[in-house]
Each structure stands twice: as C-alpha cells, then as structure tokens.
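User: Could you take a close look at one part of this model for me, the nonpolar core, and walk me through what sits in and around it?

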Amino acid sequence: MPPAAPAYVDELRAELPAVEFLLHRADLGAHAGRVDLVYRPYQVTSLADLDVLERVADRFVVNQLDTIAFENPAYFASDERWLAYRDATRLTLELAQGVAFLSEAGRRATHALGLLGGRAAEAVVGCGVDGAAGTEDGPGAAPAGL
C-alpha cells in the first residue's frame, strides 16, 4: 500500500485480521516466498515493479486501468521509455495470474491489442459505483424513488 494510506485501509485491517498490509516496497525482501498473493491496484510501469511482484508472492494480480499510455507515446519523455513501458505491460499481463479492469471498455481494449493470452483470470471490478446496474448498451433503470 502507499506510504500515506487512505483512511479506509484502517477499516480493512479491522475486517481482515489475517491479512498483512505492507508499505509499498518496505521490507519486501523479508516477505519473499511467504506471501501467497499480491495485488497491485494499478498498472505496472517498469520491469523493476514486475520483479518485486514476482519475488514477493507465489501469484500476483494487477489492475489494467486502460491502454491509453500503451497506445500513446506522448505520455513519455522518449520513445525508449514508451517502448520499455510497452514491454513491461506485455510481460506483466503474460505472467499475471489475474487481471482486473475498471470497465468493460478497458478489458475490450486490452484484448483488442492482443495483450491477454487467455491464461490469466480476468474481471471487471467497479471502483465505487454499482457497475452491475447497467449493460454494455447503457445504464439500467433508475432505482425506485429517484
């Protein structure tokens, strides 16, 4: 988790007493081989990030938020950095045991680019709203009373 963890992390700690929460990269060497699963709630941006995930846990799951940076070199200071990011993304999605997406559009874009070989489990995971209320064709009916 990030060094300045949001307040909800304290609530999660209370709800999940068997789960150990670690600061980002803090003492990861001491945990290598002891962790069953590590979840990274955002995209891997470098091979160093991927190395940490592989060393710490038997399995890892990542979020693939979208493919904007993968497709657009303007996000990077040089072509070399963009290509390195693309290579890290490809390798991460090849090695991950699971991939979470914020939207069905993000999942489809990732598939369209050939970044998922079908090996990893994948799911669309909402981020604070009830994603099940609508369909690919549009939003669902408004709840009663609205």
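Analyst: Here's a walk through the core, then a neighbouring helix, then a patch on the surface. Keep in mind that this is a predicted model.

The largest nonpolar core has 20 residues, and the ones that touch the most other members are L53, F60, V62, L93 and V99. Two or more residues each come from β1, α3, β2 (57-63), α4 (68-71), α5 (79-95) and β3 (98-101). The largest share belongs to α3, with four residues. That fits a general habit: in soluble globular proteins, nonpolar side chains tend to be buried together.

So what does α3 look like up close? Its buried residues are D49, L50, V52, L53 and V56. They sit on the same side of α3, because the arc they cover around the axis is only 155 degrees. The spacing helps to make sense of this: an α-helix has 3.6 residues a turn, so residues three or four places apart point the same way.

Now V99. Leaving out residues up to four places away in sequence, V99 touches V61, V62, Q64, L93, L116, A120, A121, E122 and A123.

Next, T110, which lies in helix α6 (residues 104-112). T110 counts as buried because its relative accessibility is 0%. Beyond neighbours within four places in sequence, T110 is in contact with Q64, T67, L93, F101, L115 and L116.

Finally, the surface. Y42, L65 and L102 make a nonpolar patch of about 230 Å². Y42 is in the loop between β1 (35-40) and α3 (47-56), and its 35% relative accessibility is why Y42 counts as partly exposed.

How values were computed
Residues numbered from 1 in each chain as written. Predicted model: local features only at pLDDT ≥ 70, side-chain atom pairs only at ≥ 80, totals over all residues. Heavy atoms only, no water. Patch = residues over 30% accessible without salt bridge, like charges linked within 9 Å, V, L, I, M, F, W, Y side chains within 5 Å. Areas by Shrake-Rupley, 256 points an atom, 1.4 Å probe, with all protein chains shown as cover. Salt bridge = Lys/Arg side-chain N within 4 Å of Asp/Glu carboxyl O. Buried < 20%, exposed > 50% of the residue type's maximum accessible area, 1.4 Å probe, protein only. Arc of directions from axis to C-beta. Contact = heavy atoms within 4.5 Å. Core = buried A, V, L, I, M, F, W, Y, C linked by side-chain atoms within 4.5 Å.
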